[in-house]
Amino acid sequence: MNNIKKYKKIFIETFNAKENEVCQLTYQSTPEWDSVGHMNLITALEENFDLMFETDDIVDFNSYEKGIEILRKNGIEI
Amino acid sequence: MELAQILDIPPYSLNKTDKARLLNPFFNYLTRHHYANCNPYKIMMDCVGYDCNKEYNYNQLPFLPVRLFKMFDLYSVLKEDVIKTMTSSGTSGQTVSRIFLDRNTSAAQTKALTKIVSSFIGTKRVPMIILDSETVVRDRNLFSARGAGILGFSMFGSKRIYALNENMELNVEQLQTFVEQNKGERIFMFGFTFIVYQYFYKELLRLGIKLDLSDGVLIHGGGWKKLYSEAVTSEAFRNKLYDVCGIKNVHDYYGMIEQTGTIYMECEHGHLHAPVFSDIIIRRPHDFSVAGVGEKGIIQVLSILPESYPGHSLLTEDEGILLGEDDCSCGRLGKYFRIEGRLKNAEIRGCSDTYETNF
């Protein structure tokens, strides 16, 4: 599975989201993406991409789009 | 300067003059913003003679008694923009504060907390032991001060375990394994003062077990009241913890649900420090004039974060003493102070203190 598919799948599973809506998701835009959901998302991404975010990355990670940017910053080709 | 830019300033890097220059316009802006957007706040401000056309020095701006948030629903945004309502963990018979957060204020709180805490423990995330039970954060719709604290600090953990099970019993074996597995790494621990004392320290003592957390760092907060009744001072608390787990790096913090994010961290010399994003003013109880260094008074807290609710300038029900400004031997700039306790006749509160009666 390529990275973007993997990334998308994690979003869908963590937030119980629909595939066609997932790209528009932002922090707190859905009840599932609250502060608890946020940490679940971070854990899932770290496990699947085998990386460790810095605290600033976690704070700045506020949308599906922004997350891609942050993954790239961490050396993930996506 | 915009809020986001202020939050990028290192939290203990501004002296008195620079801090006033930065914060005066911002606190005036916040007061005007709430005056225009929160009608009960406007009524109160009119009563105390606030003039929205005047630029105030921030120590002259009006403050609200913190308990107003228990009596009224105060917010300065549209109700549909409120994404989260935080409540203090009140005990039975007590009313709780209700704090209304929109997306921006909530994000700013997280950012401020991250900046403050990482200036103490670094931006690299480390293994974390949460000295509490996971049940506190299980109900996502019921956000207490305790749950919010745990979640806010969870950000710093690379992997996390909860030290207590749902019956508030210490998972000793799991804890020992975790410490063993992470040998050589700095372990970060977080918990509420009374819970750390009652369910971690006392239990290790009872079992006669010593953990090696000599490289660890503990951040704890939430109130001392219950420990005062057991005659445990801050120093005794540190010594006792050192005895059961060898920990040397222990930081208390002072903070409240009404100004989540801007906490006051204790430095290596046992002093609480105001970051760039907030400030404290000690006021004389008889006329609310500003008290001097070394003089006991009521603590007023000002924070740049509250935009969705009028909580940027609050009079607490705590007493404290200003110890100095810009000259603490730890090198951090800004005011430093200590807490003297609760005002007499003030309602009993404190999120870690309420555990016993709460459950």
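This is a short talk about how chain B is built and what it touches.

Okay, hi everyone. Before anything else: what you see on screen is a predicted model, so please keep that in mind throughout.

Let's start with chain B as a whole. We've got twelve helices and 14 strands in there. How compact is chain B for its 359 residues? Well, the radius of gyration comes out at 20 Å, and the globule rule gives 21 Å for 359 residues, so chain B is as compact as a globular protein of that length. If you'd like a box to picture, the C-alpha trace spans about 65 × 45 × 40 Å along its principal axes.

Now, the domains. The assignment splits chain B into domain 1, made of 3-65 + 271-342, and domain 2, which is 109-254. Notice that domain 1 is written as two stretches. Measuring from C-alpha centre to C-alpha centre, you go 29 Å between domain 1 and domain 2 of chain B. How many residues bring the two into contact? On the domain 1 side it's ten, and they meet eight residues of domain 2 in chain B. As for the chemistry, the domain 1 side of that contact in chain B has nine nonpolar residues, one charged residue and no polar ones.

Next up, a helix pair, for those of you who like geometry. Two packed helices are described by the angle between their axes and the distance between the axes. Here I'm looking at helix H9 (residues 193-207) and helix H11 (residues 234-245) of chain B, which pack at about 45° with their axes 9 Å apart. That angle is why we call H9(B) oblique to H11(B). The crossing of H9(B) past H11(B) is left-handed.

Who's actually meeting whom? From H9(B) it's Tyr197(B), Tyr201(B), Leu204(B) and Leu205(B), and across from them in H11(B) sit Phe237(B), Lys240(B), Leu241(B), Val244(B) and Cys245(B). By class, that contact between H9(B) and H11(B) is eight nonpolar and one charged, with no polar residues.

Last stop, the neighbour. Chain B puts 18 residues in contact with twelve residues of chain A. Which elements of chain B give two or more residues to that side? Those are helix H5 (103-121) and helix H7 (145-154) of chain B. The largest share is from H5(B), with seven residues. The class split on the side of chain B that touches chain A is six nonpolar, seven polar and five charged.

That's it from me, so over to you.

Notes. Residues are numbered from 1 along each chain as its sequence is written. Chains are lettered from A and ligands numbered from 1 in the order in which they are written. This is a predicted model: local features need pLDDT of at least 70, side-chain atom pairs count only at pLDDT 80 or more; totals for chains, interfaces and linings use all residues. Domain bounds come from an automatic or database domain assignment. Two residues are in contact if their C-beta atoms, placed from the backbone, lie within 7 Å. Ala, Val, Leu, Ile, Met, Phe, Trp, Tyr, Cys and Pro count as nonpolar, Asp, Glu, Lys and Arg as charged, and the others, Gly among them, as polar. Helices (H or I, at least four residues) and strands (E, at least two) are DSSP runs, numbered from the N terminus. Axes are lines fitted to C-alpha atoms, for helices over the stretch in contact, and angles run from 0 to 180 degrees between N-to-C directions. Angles under 35 degrees count as roughly parallel, over 145 as roughly antiparallel, 65 to 115 as roughly perpendicular and the rest as oblique. A crossing is left-handed if the near helix is turned anticlockwise from the far one by less than a right angle, and right-handed if clockwise. The radius of gyration is taken over C-alpha atoms; the globule rule is 2.2 Å times the number of residues to the power 0.38.
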